[in-house]
Number of protein chains: 2
Amino acid sequence: MPVIRQSLGEVVYDRLLSAILSGQLVGGNELSEVTIADQFGVSRTPVREALNRLAGDGLIENGRNRRAIVRTVTREMVVEIYQVRQCLESGAARLAAGRMNSAELARLDAISAAVRPDGIAIDQNQALAFDAELHGSIARHCGNRRLAEEVRRYTNFVPIFQRLAGRRDDRLLLAYEQHLTIIDALRAGDAEQAAAAMTHHIQSALVVLLDDVFPEAPQSA
Amino acid sequence: MPVIRQSLGEVVYDRLLSAILSGQLVGGNELSEVTIADQFGVSRTPVREALNRLAGDGLIENGRNRRAIVRTVTREMVVEIYQVRQCLESGAARLAAGRMNSAELARLDAISAAVRPDGIAIDQNQALAFDAELHGSIARHCGNRRLAEEVRRYTNFVPIFQRLAGRRDDRLLLAYEQHLTIIDALRAGDAEQAAAAMTHHIQSALVVLLDDVFPEAPQSA
DNA sequence: GGGTTGTTTTTTGTATACAGTTGACAGTAT
DNA sequence: ATACTGTCAACTGTATACAAAAAACAACCC
């Protein structure tokens, strides 16, 4: 019954993505197309589309006989994802530094102000919204739509990880201050400073995430 | 008749990719699934797979009623691709600097030596092979398989562009010297130097490519 | 008993059939 | 003549049918 707003392939993709990153679908699991199709009540066609996209995201690998196998979400995988984000988003910030107009900067300032309405306490929802808005704004204003798209692909992973890590005021505050540093660099038009601040911000987010989700040896990244 | 080494979807993808980047398929063109299927003598299924992958590569966009439209290969698109490569590959070089062992460095040295067998003239084929080998080696030794995969995705574009740009000894020589600089940095374990050298190398390749393929105003990147 | 080979079952790759939506065109009414 | 409407054609999304390959299992030979 194709009364499509979001195609079935996208639905299956979204649900599988969430299931893998949140740990419901554990690594090493073999994903049979027919099994998934039955579970979702759809045919193999949209399932294949979803699996292809997941393979493109590097979340499933092709085992023997091209069978889809869920890649384990390990500490290493998270590090890899955040390192790629670091490459992409610091590059985007470097490009955006010279291109972001004052209207957009003012808009970010306004959203920023809502994070600490009384100047002291932090509004957790606003803080997360600000984070998403800042990263998105930088991507949109880097002058490279392709780079923006790559950033967006990796941004898909972030909310799920954020949910895994939980919210803590001290960490949100730390991230908030990093956000302000990034905006300062953007406003100053300092490309290298913007890139460095973004690199530091993402590195910091990685450490927090690892601490919460993979509390093993302190770090190695 | 599935006697598949390379699936039909991959064949269609490869040929369409090449056709788009080389300009045989011009931008704005609407790609009907049935038309392409007929042209290649296959059914719509592998064509859909190929189109999905091309959409993932940002080479086609979804027009009205989700119809696939070839994106025009403009100067701007090439700039965008090379900027993303710059982000990814300089990051890979930064990571690889500390991780590349002496055996791999020796292997690269050997390939390097074959580029100028008599120490003066340059072997064009060997030079291109060395280029591919160096970029691939850095990706493989950056310690981040995901980043390596992203690099590889973008490396698919390169040979087609290289063919468009043609070969000239002076340019190959320039690139060769940049390669040596990169290897020096890797050998020294100087991450920042390696990243900077890679950035410069890709930037240089972009300028050459633009000069040849889009000989408009000198540059703006 | 172990290894090899033939068969069966499962799974993927591909083709085709069907349903629903959208754009185009023609015809009619104003 | 123009605007509206109904029909049609083309296209995509989805489901299903079919073919080939591979893995699992069993039987057989040594």
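Colleague: Where in chain B is Arg15(B) found?
Modeller: This is a predicted model, where local features need pLDDT of at least 70, side-chain atom pairs count only at pLDDT 80 or more, and totals for chains, interfaces and linings use all residues. Residues are numbered from 1 along each chain as its sequence is written, chains are lettered from A and ligands numbered from 1 in the order in which they are written, and side-chain values use heavy atoms, leaving out hydrogens and water. Helices (H or I, at least four residues) and strands (E, at least two) are DSSP runs, numbered from the N terminus. With that in hand, the place of Arg15(B) is helix 1 of chain B.

Colleague: Is Arg15(B) buried or exposed?
Modeller: Relative accessible area decides: buried means under 20%, exposed over 50%, and partly exposed in between, using a 1.4 Å probe and protein chains only. Arg15(B) has 55% relative accessibility, so Arg15(B) counts as exposed.

Colleague: How many Å separate the C-alpha atoms of Arg15(B) and Val42(B)?
Modeller: Along the chain, these two residues are 27 residues apart. In space, their C-alpha atoms are separated by 13 Å.

Colleague: Which residues come nearest to DNA strand C?
Modeller: A residue is near a strand if one of its heavy atoms lies within 4 Å of it. There are 19 residues around DNA strand C. Sugar and phosphate make up 67% of the strand atoms that come within 4 Å of the protein. The nearest residues are Arg44(A), Arg48(A), Leu8(B), Ser43(B) and Thr45(B).

Colleague: How far is a backbone N or O atom of Leu8(B) from a phosphate oxygen of DNA strand C?
Modeller: A polar contact is a pair of N or O atoms within 3.5 Å; within protein, one must be able to donate a hydrogen and the other to accept it, and residues adjacent in sequence count only if both atoms are side-chain atoms. For Glu33(A), a backbone N or O atom lies 3.4 Å from a phosphate oxygen of the strand, while for Ser43(B) a polar backbone atom is 2.7 Å from one. For Leu8(B), the distance is 2.5 Å.

Colleague: Which helix of chain B gives the most to the surface near DNA strand C?
Modeller: The elements giving two or more residues to that surface are helix 3 (44–56) of chain A, together with helix 1 (8–21) and helix 3 (44–56) of chain B. The one that gives the most, with three residues, is helix 3.

Colleague: Is Val42(A) buried or exposed, and what does it touch?
Modeller: Val42(A) sits in the loop between helix 2 (33–40) and helix 3 of chain A. Its relative accessibility is 18%, so Val42(A) counts as buried. Val42(A) and Val12(A) are 30 residues apart along the chain, with their C-alpha atoms separated by 9.1 Å. Touching means contact, with heavy atoms within 4.5 Å, and, not counting residues up to four places away in sequence, Val42(A) touches Leu8(A), Val12(A), Ala37(A) and Val47(A).

Colleague: Which residues does Arg153(B) touch?
Modeller: Arg153(B) belongs to helix 7 (residues 145–155) of chain B. With a relative accessible area of 14%, it is buried. Setting aside residues up to four places away in sequence, it touches Glu150(A), Arg153(A), Gly56(B) and Asp57(B).

Colleague: What is the relative accessibility of Met198(A)?
Modeller: Met198(A) lies in helix 10 (residues 191–213) of chain A. Not counting residues up to four places away in sequence, it touches Glu89(A), Ser90(A), Ala93(A), His135(A), Ile138(A) and Ile182(A). It counts as buried, and its relative accessibility is 0%.

Colleague: What is the relative accessible area of Leu180(A)?
Modeller: You will find Leu180(A) in helix 9 (residues 169–188) of chain A. Its C-alpha atom and that of Ser112(A) are separated by 8.2 Å, though the two are 68 residues apart along the chain. Leu180(A) is partly exposed, with a relative accessible area of 31%.

Colleague: How many helices and strands are there in chain A?
Modeller: From the N terminus on, the elements run α-β-α-α-β-β-α-α-α-α-α-α-α. The C-alpha atoms fill a box of roughly 55 × 45 × 30 Å along the principal axes. The count for chain A is ten helices and three strands.

Colleague: What percentage of the 221 residues in chain A is buried?
Modeller: Among contacts in chain A with a separation of 6 or more, 73% join residues 24 or more positions apart. As for buried residues, their share of the 221 is 45%.
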